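Here is a short set of exercises to work through with the model open in your viewer. Try each task on your own before you read the solution below it.

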Amino acid sequence: MQRRNFLVAAGAAFVAGCSEIGKTNWFGKLVDGAEGWHRGLHRALGVGRIPMAPEYSRADLSPYFRGNGSLTVDTDAYRAAEAEGFANWRLAVGGLVDNPGELTMDDLRALPQRTQITRHDCVEGWSAIGEWTGPQLSRILETAGVQPEANFIIFRCADNLNGADYYESCDMDDAIHPQTIIAHQLNGEALPVRNGAPLRLRIERQLGYKHAKYLTGIEAVASLDGYGQGNGGYWEDRGYQWYAGI
Ligand SMILES: Nc1nc2c(c(=O)[nH]1)N[C@H]1C(S)=C(S)[C@@H](COP(=O)(O)O)O[C@H]1N2
Ligand SMILES: [Mo]
């Protein structure tokens with residue numbers, strides 16, 4: 001399968017769009033802001049009224065951010081990826097999008113980055129404060145061109161717990177929330193393996209189990225049916241709530 005670098009393609013489309021006035025392309029639309037489900041949705045929600053999770057200062061950082069659930073991925077492929085510093089890790093972007101493709105770690109690092117210091121709350125009764133850095137999911141979805149029928153984003157993970165692949169999902173409201181990022185750093189350094197190296201979701205208005213680690217792909221879908229047991233996540237399939245708001 002050939003890798004399609006849609007960020008580079010987007011840049012090329014932008015240049016073409018500037019020189020060929022009147023010719024429509026999605027990136028041009030995005031830049032001039034005249035259209036786009038994302039912007040429309042932000043307007044409908046009312047920018048400035050989006051509820052934000054509290055953010056903290058560096059003085060509040062937990063000295064050690066523990067790992068929970070899977071602490072690594074027990075596959076030869078993951079061990080090989082770890083041995084090369086995850087240089088060739090890819091995040092697949094697919095489903096109901098106009099521009100499916102794969103993002104490299106460099107692609108993700110080249111996007112505008114958000115850094116946020118937030119508190120992670122696990123239902124098992126512990127919390128930790130960490131500083132997370134990565135591109136906003138909204139930016140990736142804009143570039144991919146999410147189709148109007150998409151209602152959810154599915155997050156695919158590399159690990160398997162007791163025979164089932166870990167996965168998660170969220171609605172478009174949380175997907176485009178400013179604090180929803182694909183983190184590749186914790187406290188200014190590459191994510192430790194125990195915390196989901198090389199990529200993990202931070203979805204700050206929700207409980208710990210929603211923050212999918214070891215991300216391999218994101219998919220825009222109309223329905224959660226057909227993923228896992230259809231409840232939208234590994235723990236949701238085992239009785240936990242899908243909307244795990246804090
Ligand atoms: N892929 C994957 N993601 C996961 C888990 C897991 O086992 N596998 N555990 C979840 C749970 S229950 C919590 S509390 C957090 C823990 O994140 P941490 O290991 O960075 O502390 O990851 C969540 N994401
Ligand atoms: Mo958790």
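**Exercise 1. A glutamate in a strand**

Classify Glu131 as buried or exposed, and find the side chain with which Glu131 makes a polar contact.

Solution. Keep in mind throughout that this is a predicted model.
- Step 1: the relative accessible area of Glu131 is 7%. Buried means under 20%, so Glu131 is buried.
- Step 2: Glu131 belongs to strand β4.
- Step 3: the side chains of Glu131 and Arg58 are joined by a polar contact of 2.8 Å.

Taken together, Glu131 is a buried residue of strand β4 whose side chain pairs with that of Arg58.

**Exercise 2. An arginine with two partners**

Place Arg205 in the secondary structure, then list polar contacts that its side chain makes.

Solution.
- Step 1: Arg205 sits in the loop that runs between β10 and β11 (215-221).
- Step 2: with a relative accessible area of 13%, Arg205 is buried.
- Step 3: one polar contact, of 2.9 Å, links the side chain of Arg205 to that of Asp174.
- Step 4: another polar contact, of 3.5 Å, links the side chain of Arg205 to that of His177.

**Exercise 3. The surroundings of ligand 1**

Describe the shell around ligand 1: how many residues surround the ligand, how do they divide by character, and which strand gives the most?

Solution.
- Step 1: the shell holds 22 residues, and the closest are Arg66, Asn68, Asp159, Asn195 and Lys213.
- Step 2: by character, the shell residues are nine nonpolar, eight polar and five charged.
- Step 3: at least two shell residues come from each of β3 (113-122) and β5 (152-161). The most come from β5, which gives three residues.
- Step 4: the space that ligand 1 takes up is the largest pocket.

**Exercise 4. Polar partners of ligand 1**

Find protein atoms that pair with oxygen atoms of ligand 1, sorting them into side chain and backbone. Then say what share of the ligand's accessible area the protein covers.

Solution.
- Step 1, side chain: a polar side-chain atom of Lys213 is 2.5 Å from an oxygen atom of ligand 1.
- Step 2, backbone: a polar backbone atom of Asn68 lies 2.8 Å from an oxygen atom of ligand 1. For Arg194, a polar backbone atom lies 3.3 Å from an oxygen atom of the ligand.
- Step 3, cover: on its own, ligand 1 has 530 Å² of accessible area, and the protein covers 99% of it.

**Exercise 5. Unusual backbone geometry**

Most residues other than glycine have a negative phi, and most peptide bonds are trans. With that in mind, examine the phi of Phe86, the phi of Asn162 and the peptide bond between Ala197 and Pro198.

Solution.
- Step 1: Phe86 is not a glycine, yet its phi is positive, near 60°. Phe86 lies in the loop between α4 (76-83) and β1 (90-95), and is buried at 10% relative accessible area.
- Step 2: Asn162 also has a positive phi without being a glycine, at about 50°. This residue lies in the loop between β5 and β6 (164-171). Its relative accessibility is 75%, so Asn162 counts as exposed.
- Step 3: the bond between Ala197 and Pro198 is a cis peptide bond, with omega about 0°. Pro198 is in the loop between β9 (189-190) and β10 (200-203), and counts as buried at 5% relative accessibility.
- Step 4: in space, Pro198 and Ile182 are 9.9 Å apart, C-alpha to C-alpha, with their positions 16 residues apart in sequence.

**Exercise 6. A covered helix**

How many of the eight residues of helix α6 are buried, and what follows the helix?

Solution.
- Step 1: helix α6 spans residues 137-144 and is mostly covered, with seven of its eight residues buried.
- Step 2: the buried residues include Leu137, Ile140, Leu141 and Ala144. Ser138, Glu142 and Thr143 are buried as well.
- Step 3: Gly145 comes after α6, with a positive phi near 75°.

Conventions
Residues are numbered from 1 along each chain as its sequence is written. Chains are lettered from A and ligands numbered from 1 in the order in which they are written. This is a predicted model: local features need pLDDT of at least 70, side-chain atom pairs count only at pLDDT 80 or more; totals for chains, interfaces and linings use all residues. Side-chain values use heavy atoms; hydrogens and water are left out. A residue is near a molecule or strand if one of its heavy atoms lies within 4 Å of it. A polar contact is a pair of N or O atoms within 3.5 Å; within protein, one must be able to donate a hydrogen and the other to accept it, and residues adjacent in sequence count only if both atoms are side-chain atoms. Accessible areas come from the Shrake-Rupley method with a 1.4 Å probe; for residues, only the protein chains shown count as cover. On a 1 Å grid over the protein atoms alone, a cavity is a set of points where a 1.4 Å probe fits but cannot get out, and a pocket is an open set with protein on both sides within 12 Å along at least five of seven lines; lining residues have an atom within 4 Å of a point. A molecule sits in a cavity or pocket if more than half of its atoms lie within 2 Å of its grid points. Helices (H or I, at least four residues) and strands (E, at least two) are DSSP runs, numbered from the N terminus. Ala, Val, Leu, Ile, Met, Phe, Trp, Tyr, Cys and Pro count as nonpolar, Asp, Glu, Lys and Arg as charged, and the others, Gly among them, as polar. Buried means under 20% relative accessible area, exposed over 50%, partly exposed in between (1.4 Å probe, protein chains only).
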